[in-house]
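Here is a walk through one structure, written for someone who has it open on screen. Keep the view handy and follow along.

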Amino acid sequence: MAHLRTTTRTPAQPAPLVAGIAISHPERPIVQAPGHTKLDVVRYHERIGAWLLPHVAPRPIAVVKCMDGRFDDCFFQKHGPRGRGDDEESPPFMRIADVADVVRAVQNGSYEFHTWGASFPRLERPDRITLDLDPDTELPWPRMQDALASVRALLDRLTLRAFVKTTGGKGLHVVVPITRRHTWAEAKAFARGIAERLAGDDPALFTATVSKDARVGRVYVDYLRNAEGATAVAAYSLRARAGLPVSMPIDWSELGAGDIRGRNYSIDNAEATIAQRRADPWADYDRSRQTISGAMRRALGI
Ligand code: ATP
Ligand code: MN
């Protein structure tokens, strides 16, 4: 079989190193994001790391993994690696400390980073409330703008400062940083109070009910993200969807313009968008932890 040995083969290229991690299949195309390769996705994470890490490193995370550069074969992975002892259970979350960890996760097939609403070490005390606004897929942008204005007006009345980001999908996330004084049950009850007040005040636009039927022509305010172990996609995370959209923090004023949902922010423009901004719309996030007061609860009737 000598002829097999003499067949000319392209000499194996050494795997490129990114943040010290060897990247296999760097040229593998991302099928649903034409023009992009696995190495592009890795490099996005290397460059966006300074923005992504403050959102993922302090928190338990889960990832969406996809195989072979295709987004039709993805799964949600919550558990971290098992401990050394045979009887040790794997923790119900993963953890990322630095850019090398992010790059290693991407090398291993992760595209999306999702986080808990609590930070280490106090995982029993949530530090944010996430209102996941899930519109009917057909809901026109002006109705979504109405919904966001109503959410903001209610939070203003409650004297709560909130931050908004795209999801890279059909909706948006409104995030309220809170002090770590409340239980998960209290945070969820409060988020539910907000959702039910919105639906009570404007039942034509909002629903607090998970059923798909109730969502027709409306925005479902999903308050169930506010539970131990529940996740929401992290700011600056990609989404494993066509065009590699990004969950992008935005300023409330940006909602006044055109539709920013879906692929408006993506791997193609996220870094330029950040570079062109005069200020980080979430700059005050860490300074904005707020305590849920009795007056706020009473205002919601809870
Ligand atoms: P969209 O704007 O399209 O709704 P989204 O990220 O909010 O985007 P949802 O389907 O509303 O998507 O899910 C909200 C959050 O719930 C996600 O960000 C994710 O963290 C979590 N989630 C979604 N699917 C799963 C799943 N299969 N297993 C566990 N958690 C999930
Ligand atoms: Mn959603």
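Leucine 53 sits in helix α2. In this predicted model, its relative accessibility is 14%, so leucine 53 counts as buried, the cut-off being under 20%. Measuring C-alpha to C-alpha, leucine 53 is 10.0 Å from aspartate 101, with the two positions 48 residues apart in sequence terms.

Aspartate 101 also turns up in another pair. Its C-alpha is 41 Å from that of alanine 214, and the two are 113 residues apart along the sequence. Alanine 214 belongs to helix α6, residues 212-215, and at 18% relative accessibility alanine 214 counts as buried.

Now for alanine 204, which you'll find in the loop between α5 and β9 (206-207). Alanine 204 is partly exposed, with a relative accessibility of 49%; exposed would take over 50%. From its C-alpha to that of phenylalanine 93 is 38 Å, across 111 residues of chain.

**The nonpolar core**

Which residues touch the most other members of the largest nonpolar core? They are Phe113 and Val174, in a core of 78 residues. Helix α2 (residues 38-56) makes the largest contribution, with eight residues. Both domain 1 (18-83 + 90-122 + 233-276) and domain 2 (128-226 + 280-299) give residues to this core, so it lies between them. As a general backdrop, nonpolar side chains tend to be buried together in soluble globular proteins.

**Around ligand 1**

The two domains meet again here: domain 1 and domain 2 each put at least three residues into the shell around ligand 1. That shell has 15 residues, and the ones that come nearest are His114, Thr167, Gly171, His173 and Thr231. Sorted by class, the shell holds six charged, six polar and three nonpolar residues. As for secondary structure, β6 (128-135) and β11 (232-233) supply at least two shell residues each.

Oxygen atoms of ligand 1 pair up with N or O atoms of the protein in several places. The side chain of histidine 114 brings an N or O atom to 2.5 Å from one of the ligand's oxygen atoms. For lysine 170, a polar side-chain atom is 2.8 Å from an oxygen atom of ligand 1. Glycine 171 uses its backbone instead, with an N or O atom 2.8 Å from an oxygen atom of ligand 1. How much of ligand 1 does the protein bury? On its own the ligand exposes 590 Å², and the protein buries 71% of that.

**Two buried polar residues**

Is histidine 182 buried or exposed? Histidine 182 has a relative accessibility of 4%, so it counts as buried. Its place is the loop between β8 (172-177) and α5 (184-201).

Serine 247 is in a loop as well, the one between β11 and β12 (249-250). With 0% relative accessibility, serine 247 counts as buried. The polar partners of these side chains are listed here.

| Side chain | Partner | Distance |
|---|---|---|
| Histidine 182 | Backbone nitrogen of isoleucine 292 | 3.0 Å |
| Serine 247 | Side chain of lysine 165 | 3.0 Å |
| Serine 247 | Backbone oxygen of threonine 166 | 2.6 Å |

So what does the serine 247 side chain contact? Its polar partners include the lysine 165 side chain and the backbone oxygen of threonine 166.

**Backbone oddities**

Most residues other than glycine have a negative phi, and most peptide bonds are trans. A few spots here go the other way.

Phenylalanine 120 and proline 121 are joined by a cis peptide bond, with omega at about 0 degrees. Proline 121 lies in the loop between β5 (110-115) and β6.

Alanine 19 isn't a glycine, yet its phi is positive, at about 50 degrees. Look for alanine 19 in the loop between β1 (17-18) and β2 (21-22). With a relative accessible area of 33%, alanine 19 is partly exposed.

Aspartate 68 likewise has a positive phi, about 60 degrees, without being a glycine. Aspartate 68 is in the loop between β3 (61-66) and β4 (74-77).

Key. Residues are numbered from 1 along each chain as its sequence is written. Chains are lettered from A and ligands numbered from 1 in the order in which they are written. This is a predicted model: local features need pLDDT of at least 70, side-chain atom pairs count only at pLDDT 80 or more; totals for chains, interfaces and linings use all residues. Side-chain values use heavy atoms; hydrogens and water are left out. A residue is near a molecule or strand if one of its heavy atoms lies within 4 Å of it. A polar contact is a pair of N or O atoms within 3.5 Å; within protein, one must be able to donate a hydrogen and the other to accept it, and residues adjacent in sequence count only if both atoms are side-chain atoms. Accessible areas come from the Shrake-Rupley method with a 1.4 Å probe; for residues, only the protein chains shown count as cover. Helices (H or I, at least four residues) and strands (E, at least two) are DSSP runs, numbered from the N terminus. Ala, Val, Leu, Ile, Met, Phe, Trp, Tyr, Cys and Pro count as nonpolar, Asp, Glu, Lys and Arg as charged, and the others, Gly among them, as polar. Domain bounds come from an automatic or database domain assignment. A nonpolar core is a set of buried Ala, Val, Leu, Ile, Met, Phe, Trp, Tyr and Cys residues joined through side-chain atoms within 4.5 Å. Buried means under 20% relative accessible area, exposed over 50%, partly exposed in between (1.4 Å probe, protein chains only).
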